[in-house]
Amino acid sequence: MTFSSIWTAIRNTLKALRNGEFLLRIRADKYYMHIMYLFLLMWLTIMLSLRVDKTLAQVGENKAAIEELRIRHSEKEAELVKLESASETEARLKKMGSALAMPSVPATIMKKK
Amino acid sequence: MTKRRSEIQDTIENRDRIHVVMFFLSILFLALGVFIMVKIVQIQAGYHVDSSVVDLFRPRVQKHVDKPVRGRILATDGRPMAISAPLYDIRMDCTVRRQEFKDKNNQAGEDAWRAKAGELAKKLSAEFRDRSAAEYESAILKGREKGSRYLRIKNNIDLSTLNRLRTFPLFNEGPNKGGMIVERHEERIYPYDSLARRTIGYVKESNRIGLESSFDHVLHGREGYEWRRVTDRKTWIRDLDSASVKVIDGDDIRTTLNVDFQDIADKALREQIQADDEVRAGICIIMEAKTGAIRAMVNLSRGDTPQTVLWERDNLALREVGEQGSVMKTVTLVSLVEDGYVKTLDQTLPTNNGFVPGGYNQDVHILDYQRETGRRDITVMHGFEISSNYVFTWLAENYYGKKPQEMFDHIYSYRFGEPFDFDISGMGTPVVNRPGTAGWSKTTLGTTAYGYSMAVTPLHVATFYNALANKGRMMKPYLVESIERNGKVLKRFAPSELNSSICSPATADTVTRALRAVVNEGTATRLRSAKLAVAGKTGTARVVLSPEERGGSRDPYSDSYGRKKFQGTFVGFFPADNPKYTILVTVYSYPSHRNFYGGTKPAMAVRSIVDQLYALDPAWRPELVPSAALPQMKKEK
């Protein structure tokens, strides 16, 4: 291989590229199906990757929403539980001027005969 | 020949081609080597990081640590007593967009920002009501002038408030334009405030107490992590190519505590001791007789000075080791009855003017008894009712004087000699001065018989009385009944025994009769008209003062002003004929000239608790059974 042969090869390649004959010159038509298949695979890979990204982003958003709901649930639960304690209820009734107080006798259970 | 020459010519041409290729390759590698060497020297000698390039080289994945949600502590009916939820601190970067407006000479933009700050100030003032709108506005604008990037707006707000704040002017523009900074921190919420707070406990960096500490390994859960990468749309998502560990939230623990019982006990105790600033502390234990499950454990104390409010500061029920006084006479009585030395409670002993030979103090109550009755003997039952120290010293000296170890063997079998395994760590270690120990003297046997010379915790005492309520079967007190995850029980803790039989059922019945007499005729008559029959014993003990408290006094029980510290106790069980609960209330005083008897404040607190539990507990609900069936109405055909 000489410098002139290398130069000739480069020149021919450039000419072929300019004329749009490069793939024909290297006989790539034999591999047309393979190239198309490769292209399809690449397209599928990119598309699936984007969809996975989108799904994972949605998962992240859902997790954040669930976490927010959990926090709200805990806060509300604490508020409600505090309100239903006997002494709290008694204090609120007293504040409202109610005469209602804690029972002094147990409730009677009605039994079926 | 020509063919041979042609072959030689081809060989020479091939060699030339190989030489050319090898030449270029060697030049290429040489140049590459030189370049690498130069680059190494350049990097080592004088490479400086270009900040504009740093971001490009920074890894596009980040490690994200997921912290587990701490498990809840539940009451026996599932009501939460401790929950985890985050709280938020709000700060403000007052300098946002200031430079941008300045660079672009955009005075209108700056004015608009300041106008929004004014609106924000109004909203903040209306939301928190802690500062006026003018004060908020002044703080924000001053912060902008001075370049404050971390102005405190509010600490510890909840999520609902945070979400409202996010709709306010400026704050709705995000951190880069509005300057809102949100800092989240996990907090433990106790919905019932101080109720059972010391029993529930807490976990802080250097301080861990209560159930929160003992069950931290269950409540904490396991941290997880995942690697996250940024997408083209600038959202962070999980990097599936990297390893991750799933976070496991903490499990819940369901306690034996009953919120209503705890509430009633807390309130009843406060009613008795709140107004009396000579009372240092008060405790209450309510235990289920059959199982040993603790339904309420109240530990209210004032701290070092009477001015401080009552609060759950220390778990005295578990930790306070002290001489318990006359409540320990029951221990002596059980031993005497069990050993057959006291065959009947009507057995008599001589009164001897309240003197027991051997260096014991005179019991003045016996002198009163002799004067009132004119008798020179006293029954064991009456001695127990009036809580006579003389009677129990005489009985101990008379029956165990020559073999004291026999009485101490009983004391050890009642588990007074050591701390037992309990769901909360830190149980006080009892002190028992048995024969052969340094604390043993010729009066130790007699003083032990009426509750001195031996120091135990209130929980020990409650456990002993619970065994009597249980016909001699001593149950181990416990506070946690199960470990749960999302409502599903992972592990259940069954009741267990400390001693299957500390005495025979007959002995337990005999002593219960004596305890009932204490309430009906003795030192606890305040409980006589309780809505459920109570059997129990009072105890009033002087507390040994520390050298600082004594202030030069030679008496270990009083200071230089003659003031004494007392602990008054009532311990018993109810209903007396079929016990369901054991209850102990102890009140501790500051040094005082007053006496704090077990038959006063503690008995009154017990009375209040028993009456309220009677109305509340389904066990005592009367049943209404119809005496006749309602007539069935039939439609006429």
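This is a short tour of chain B in a predicted model.

**Whole chain.** Start by selecting chain B. The chain holds 22 helices and 25 strands. Its radius of gyration is 39 Å, well over the 26 Å that the globule rule gives for 637 residues, so chain B is more spread out than a compact globule. Turn the C-alpha trace along its principal axes: the spans are about 150 × 100 × 85 Å.

Now switch on the surface. About 32,000 Å² of chain B is accessible, and carbon and sulfur atoms hold 51% of that. Of the 637 residues, 49% count as buried. For contacts, take pairs with a separation of 6 or more: 72% of them join residues 24 or more positions apart.

**Helix H1.** Next, select residues 2–46 of chain B, which form helix H1. Pick out Ile40(B) in this helix. Its relative accessibility is 45%, so Ile40(B) counts as partly exposed. Ile40(B) belongs to a nonpolar surface patch. Add other members to the selection, among them Ile18(B), Met22(B), Leu25(B), Phe29(B), Phe35(B) and Met37(B). Together, the patch residues have about 1,100 Å² of accessible area.

**Helix H4.** Move to residues 107–128 of chain B, helix H4, and select Glu127(B) there. Glu127(B) is partly exposed, at 23% relative accessible area. Which residues is Glu127(B) in contact with, leaving aside neighbours within four places in sequence? Show Thr161(B), Arg164(B), Leu165(B) and Phe168(B). Zoom in on Arg164(B): its side chain makes a polar contact of 2.8 Å with the side chain of Glu127(B).

**Last stop.** Zoom out and select Ala467(B) along with Glu127(B). The two are 340 residues apart in sequence, and their C-alpha atoms are 57 Å apart in space.

Definitions and conventions:
Residues numbered from 1 in each chain as written. Chains lettered and ligands numbered in written order. Predicted model: local features only at pLDDT ≥ 70, side-chain atom pairs only at ≥ 80, totals over all residues. Heavy atoms only, no water. Patch = residues over 30% accessible without salt bridge, like charges linked within 9 Å, V, L, I, M, F, W, Y side chains within 5 Å. Areas by Shrake-Rupley, 256 points an atom, 1.4 Å probe, with all protein chains shown as cover. Salt bridge = Lys/Arg side-chain N within 4 Å of Asp/Glu carboxyl O. Helix = DSSP H or I, 4+ residues; strand = E, 2+ residues; numbered from the N terminus. Buried < 20%, exposed > 50% of the residue type's maximum accessible area, 1.4 Å probe, protein only. Contact = heavy atoms within 4.5 Å. Polar contact = N/O pair within 3.5 Å; in protein donor to acceptor, adjacent residues only side chain to side chain. Rg over C-alpha atoms; globule rule 2.2 N^0.38 Å.
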